[in-house]
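Biologist: I would like a close look at a single part of this model. Please pick one and take me through it step by step, in short sentences.

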Amino acid sequence: FHGHIVGIATVNILFEPSYNKIGYLESFVVDPTVRGQGIGNKIWNEVEAWCRDRNVRLDFTSSSSRQDAHRFYLKHGAIIRDTTVFRFAPKD
């Protein structure tokens, strides 16, 4: 898109004895001005290929309010896991 960044994906990799490698999708963003033009599909396909080539399982979370994102992930083969997310925040 004329030299402009219109989307990103960030994956962090952990090496664990139980599975070998787990990737955590930390961010997956497409500029709202170019949504619907296939940019998200291209980025997702690259992330998926990168993980597959390295035998990396990809895990990620998505806010319950992000229904468009959920439909996108499900369309691309992701499954919803039965889990609960916890957060610990140390007090100052």
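Modeller: Contact here means that heavy atoms lie within 4.5 Å. With that in hand, take I43. Leaving aside residues up to four places away in sequence, I43 touches G7, I8, A9, F28, V29 and V30. Keep in mind that this is a predicted model. The part I pick is the nonpolar core around I43 and the aromatic rings that go with it.

Let us get our bearings. The chain has 2 helices and 3 strands. Along the sequence they follow the pattern β-β-α-β-α. The chain counts 92 residues, and buried residues make up 23% of them. Along the principal axes, the C-alpha atoms fill a box of roughly 40 × 35 × 30 Å.

Next comes the sheet. The sheet is open, with 3 strands in the order β1-β2-β3 and mixed pairing. The edge places go to β1 (7-16) and β3; each has a single partner strand, so one side of each lacks a neighbour in the sheet. On average, neighbouring strands are turned by 30° against each other, direction ignored.

What does "mixed" come down to? Strands of a sheet pair through backbone hydrogen bonds, either parallel or antiparallel. Here, β1 and β2 pair in the antiparallel sense over 10 bridges. In that pairing, E16 stands opposite N20, and I13 stands opposite G23. By contrast, β2 and β3 pair in the parallel sense over 3 bridges. G23 has a bridge partner in β3 too, namely L58. R57 is found in β3 as well. R57 is partly exposed, with a relative accessible area of 31%. R57 and I13 are 44 residues apart in sequence, yet their C-alpha atoms are 9.3 Å apart in space.

Now lay a helix on this sheet. Helix α1 (residues 39-53) lies across β1, β2 and β3. Its direction is at about 170° to β2.

That brings us to the core itself. In soluble globular proteins, nonpolar side chains tend to be buried together. The largest nonpolar core of this chain has 15 residues. Those with the most contacts inside the core are F28, I39, I43, W44 and Y73. Three elements give two or more residues to the core: β2, α1 and α2. Of these, α1 gives the most, with 5 residues.

Turn to α2. Its buried residues include A69, H70, F72 and Y73. Around the axis these four cover an arc of only 160°, which puts them on the same side of α2. The helix repeat helps to picture this. An α-helix has 3.6 residues a turn, so residues three or four places apart point the same way. The buried residues of α2 pack against β2 and α1. On the other side of α2, D68 and K75 are exposed. After α2 comes G77, with a positive phi near 95°.

Last, the rings. A pair of aromatic rings is described by the distance of the centres and the angle of the planes. The chain has 8 aromatic pairs. One of them joins F28 and F72. Their centres are 5.6 Å apart and their planes stand at 35°; that angle is neither under 30 nor over 60 degrees, so the pair is tilted. F28 sits in strand β2 (residues 20-30) and F72 in helix α2 (residues 67-75), so this pair ties together parts that are 44 residues apart in sequence. Both F28 and F72 are buried.

Another pair is F60 with Y73. Their centres are 4.6 Å apart, with 55° between the planes, and this pair is tilted too. F60 is in the loop between β3 (57-59) and α2, while Y73 is in helix α2, 13 residues away. The two partners differ in burial. F60 has 27% relative accessibility and counts as partly exposed. Y73, at 10%, counts as buried.

Now put the rings together. F28, W44, F60, F72 and Y73 form one aromatic cluster. Three of these names have come up before: F28, W44 and Y73 are among the residues with the most contacts inside the core. Long links also show in the chain as a whole. Among contacts between residues at least 6 apart in sequence, 47% join residues at least 24 apart.

Notes
Residues numbered from 1 in each chain as written. Predicted model: local features only at pLDDT ≥ 70, side-chain atom pairs only at ≥ 80, totals over all residues. Heavy atoms only, no water. Phe/Tyr/Trp six-rings, centres within 6.5 Å; stacked < 30°, edge-to-face > 60°. Buried < 20%, exposed > 50% of the residue type's maximum accessible area, 1.4 Å probe, protein only. Pairing = 2+ DSSP bridges. Axes fitted to C-alpha atoms, helices over the stretch in contact; angles between N-to-C directions. Arc of directions from axis to C-beta. Core = buried A, V, L, I, M, F, W, Y, C linked by side-chain atoms within 4.5 Å.
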